[in-house]
Structure formats: structure tokens, C-alpha cells
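Here are some short exercises to work through with the model open on your screen. Try each task on your own, then compare your steps with the worked solution.

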Amino acid sequence: MNRVNALFEGLPKLEPGAVWLVGAGPGDPGLLTLHALNGLAQADVVVHDALVDPGCLALARPGADIVHAGKRGGRPSPKQPDISARLVREAKSGKRVVRLKGGDPFLFGRGGEEALALVRAGVPFRIVPGITAGIGGLAYAGIPATDRNVNSVVAFITGHDATGVVPGGIDWAALAKGAPVIVLYMAIKTLPEISARLMAAGRLANEPVALVSNAATSRQSVIETTLSEAAEAGRAAEAPAVIVIGDVVRLRAGLDWLGALELGRKLDGDPLGVTPEIRDAG
Ligand code: SAH
């Protein structure tokens, strides 16, 4: 057995008639899990989102049927019930089905809805978590979601609801007070409203913000700005973007490892002004 086969030894079989709901991570195929890779290697059909990187699809079993079920704002796309119905149909016809979703299927990914449709139809399934854009994508920009000197809470928020507006029912005052770091998904369009609400609730105009577009892909780009300038910066940002608000953004000045790799420079400096020795003693 060669080493690649040994990797899959002991991992579950994707049975005919079953569906795996798989997170592909934010882009870089290197961020796929072994379960994801193992599913792709066995699949007869891969039903994927627009956000899934082509490099991940290229790892599917040669001959697998690759079906695009993309849902991107503004473009015509299959409706959610149609996607769920397709998964059920493919499984019932005896196919091994991988449903490949960007990031993690259970974080702003409708994985729960699709899984419930499978439950209702009696289709066996497995959930394969993925690296979410709001953590892994930020890491590729050199921004940790938490830092002991900054935050012990991080909030993940979707910038729009099913109808495209800022979700109702968010307690902005509580959020502004209780979440030092806020990570926004699907929020480029609603950033003017969200930043205004946070400032109205007491967040500082000069608080750092980063917009990370196409994170963990070859097209990654990062805009660093402040809360008061964020609305303007949003106009220049490409979708998809994760947006992070909070002092962890300052760490990027020292931790932008990808930029350092590309420029061939060494990392140095401590943007929070706290040496590792002091932190580790604390
Ligand atoms: N389930 C996904 C999120 C899907 S919602 C996850 O866990 O990552 C779609 C949003 O995810 C986008 O609007 C954007 O905010 C974010 N996103 C997904 N992939 C991204 C990427 N490569 N770069 C930046 N943002 C990304």
C-alpha cells in the first residue's frame, strides 16, 4: 500500500446512497480535512457551491460528476429546496454523494437545512466540518480570532438575512459592549449600517477593521481600515470577504506570514507591544 492509500486506511466508506455534507474550508485545498479528501476520492457526484475553490474540486475522483449548485448574491441560482431535492434524488439513485460547501457547512452554510432534508427523506449522511472563513481566512491574513491580551469573546455575525438586509433581532448595544472582536460574514453591502450601529452603541471610530477578500486563495487581498472608514473601504472590497472588527487586527502588522512569504522578508516586531515572555508569564 502506498502512503496516500495509507492515509485513508481506517477512514469511513462513502456508501452508495449516502450523502456527506463536507466543508471545503475557505479556499486553499491544503485546508481540506482527511475526511473531505476521502469523500472526494470516493464520490460519484460532487454538488458544490460557488465559494468552493476549483483546486478542491480538482481533487474529486476522476470521472465524478461535478454539479454546480452555486448561490451567489445577485446571480440566478438554484433555490435551496432544489439543491436539497437534488441531493436526495442522487442518493436515492444509488450514487455516492458529496455535498461540498465553502468553509464549514454548519456556520452560515445552511448545512442544517440540507441535513434535515436528508433526514426527512431517510437518506444516510455524515457531516464533515470544515475550516470556516472567519477563522482560517483571517489566519491567512495574519489575524488571530482571539488573543489573550485582546479578547476572551468573539462574535460571528451574518451581515444579511434571507431577504438581504441586516438581520433583525441583533442587540447591537449588547454586542458592542460584550464582543471585543466581531467577525462579519456576507456583510460588504451592509457594512455602512453595521459600522454605524456599532459606533452609535459606543465602539470607537478609530477601532481597527480588516476586510479580507478571497481569503486563502491566490486572489487574497486585505484592506485595513477603521470603523469610521469601513463603509467607504467596503466599496473597494471584492466579494467574498470576511470582515473583522477589533484590536486583534493590529496583530497583522507582525503576523502577516503570507505577505512575508511572498515578499521574502522575515517577520519581526510586536504590534501589541507585549512580549511573548510577559504574555506567557501572565
Ligand atoms: N460556511 C461558510 C460561510 C458561508 S457564507 C464558512 O464557514 O466560511 C458566505 C460568506 O463567507 C461570504 O460572504 C464571506 O463573508 C465568507 N467567505 C467564505 N469564503 C471566503 C473566502 N475565501 N474569503 C473571504 N470570505 C469568505
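**Exercise 1.** Decide whether Asn 214 is buried, partly exposed or exposed in this predicted model, and describe its backbone.

*Solution.* Start with the accessibility: Asn 214 has a relative value of 5%. The cut-off for buried is under 20%, so Asn 214 counts as buried. Next, find its place in the chain, which is the loop between strand 8 and strand 9 (221–226). Finally, check the backbone: phi of Asn 214 is positive, at about 50°, although the residue is not a glycine. For background, most residues other than glycine have a negative phi.

**Exercise 2.** Do the same for Phe 108: is this residue buried, partly exposed or exposed, and what is its phi?

*Solution.* Look first between strand 4 (97–101) and helix 5 (111–121), where Phe 108 sits in the loop. Its phi is near 50°, again a positive value in a residue other than glycine. Now the accessibility: with a relative accessible area of 36%, Phe 108 falls between the limits of 20% and 50%, so it is partly exposed.

**Exercise 3.** Find the peptide bond from Ala 239 to Pro 240 and say whether it is cis or trans.

*Solution.* Go to the loop between helix 9 and strand 10, where Pro 240 is placed. Then read omega for the bond from Ala 239: the angle is near -5°, and the bond is cis.

**Exercise 4.** Work out what surrounds the ligand and which backbone atoms lie close to its nitrogen and oxygen atoms.

*Solution.* Begin with the shell, which holds 18 residues; Pro 26, Leu 107, Thr 132, Ala 215 and Ala 241 are the closest. Sort the shell by character and you get twelve nonpolar residues, five polar ones and one charged. Now turn to the backbone N or O atoms. One from Gly 102 lies 3.1 Å from a ligand nitrogen, and one from Asp 104 lies 2.8 Å from a nitrogen atom of the ligand. On the oxygen side, a backbone N or O atom of Met 186 is 3.0 Å from a ligand oxygen. As a last step, consider cover: of the 540 Å² of accessible area that the ligand has on its own, the protein covers 92%.

**Exercise 5.** Which residues of the largest nonpolar core touch the most other members, and what does Ile 182 contact?

*Solution.* This core has 23 residues, and Ile 182, Leu 184 and Leu 198 touch the most other members. Among the elements giving two or more residues to it are strand 6 (154–158), strand 7 (181–185) and helix 8 (191–200). Then trace Ile 182: beyond four places in sequence, its contacts include Ala 155, Ile 157, Leu 175, Leu 198 and Ile 243. There is also a second, separate core of 18 residues, with Ala 36, Ala 43, Ala 60 and Leu 100 among them.

**Exercise 6.** Which residues of helix 6 are buried, and against which elements do they pack?

*Solution.* Step along residues 133–140 and pick out the buried ones: Gly 134, Gly 136, Gly 137, Leu 138 and Tyr 140. Follow their contacts outward, and they pack against strand 6, strand 7, strand 8, strand 10 and helix 11 (257–263). Just after helix 6 comes Gly 142, with a positive phi of about 75°.

Note on methods. Residues are numbered from 1 along each chain as its sequence is written. This is a predicted model: local features need pLDDT of at least 70, side-chain atom pairs count only at pLDDT 80 or more; totals for chains, interfaces and linings use all residues. Side-chain values use heavy atoms; hydrogens and water are left out. A residue is near a molecule or strand if one of its heavy atoms lies within 4 Å of it. A polar contact is a pair of N or O atoms within 3.5 Å; within protein, one must be able to donate a hydrogen and the other to accept it, and residues adjacent in sequence count only if both atoms are side-chain atoms. Accessible areas come from the Shrake-Rupley method with a 1.4 Å probe; for residues, only the protein chains shown count as cover. Ala, Val, Leu, Ile, Met, Phe, Trp, Tyr, Cys and Pro count as nonpolar, Asp, Glu, Lys and Arg as charged, and the others, Gly among them, as polar. A nonpolar core is a set of buried Ala, Val, Leu, Ile, Met, Phe, Trp, Tyr and Cys residues joined through side-chain atoms within 4.5 Å. Buried means under 20% relative accessible area, exposed over 50%, partly exposed in between (1.4 Å probe, protein chains only). Helices (H or I, at least four residues) and strands (E, at least two) are DSSP runs, numbered from the N terminus. Contact means heavy atoms within 4.5 Å.
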